[in-house]
Amino acid sequence: MRERIVRAVAGSMVLLSLTLGWFVSPYWLLLTAFVGLNLLQSSFTRFCPLEKILDAAGVKR
């Protein structure tokens, strides 16, 4: 369940930042880069900040 939430949030953030980059300002594409780098580092370190937030919110594994 949590993995699905993480993937859904990451995908939503990428799509949102691409939309904002197209319609508002190209600087929003930095959010896409940040999300991508976060996903890459979490694949190596197994640490994802969103999982800590989900822990605090009481979402079960």
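Me: Which elements do the buried residues of α1 pack against?
Reply: This is a predicted model, where local features need pLDDT of at least 70, side-chain atom pairs count only at pLDDT 80 or more, and totals for chains, interfaces and linings use all residues. Numbering starts from 1 along each chain as its sequence is written, and side-chain values use heavy atoms, without hydrogens or water. Helices here are DSSP runs of H or I, at least four residues, numbered from the N terminus. Contact means heavy atoms within 4.5 Å, and the buried residues of α1 pack against α2 (29-45) and α3 (49-57).

Me: Which residues of α1 are buried?
Reply: Buried means under 20% relative accessible area, exposed over 50%, with a 1.4 Å probe and protein chains only. In α1 the buried set is Arg-2, Val-6, Ala-10, Ser-17 and Gly-21.

Me: Why do the buried residues of α1 line one face of the helix?
Reply: An α-helix has 3.6 residues a turn, so residues three or four places apart point the same way. The arc is taken from the directions from the helix axis to the C-beta atoms. Down the axis of α1, the buried residues line one face because they fall within an arc of 75°.

Me: Which residues are exposed on the other side of α1?
Reply: Look away from the buried side. There the exposed residues are Arg-4, Arg-7, Leu-15, Trp-22 and Phe-23.

Me: What span does α1 reach from its first C-alpha to its last?
Reply: Helix α1 covers residues 2-23, 22 in number. The expected span is 1.5 Å times one less than the number of residues. That gives an expected 32 Å, and α1 comes close to it, at 31 Å.

Terms used: Helices (H or I, at least four residues) and strands (E, at least two) are DSSP runs, numbered from the N terminus.
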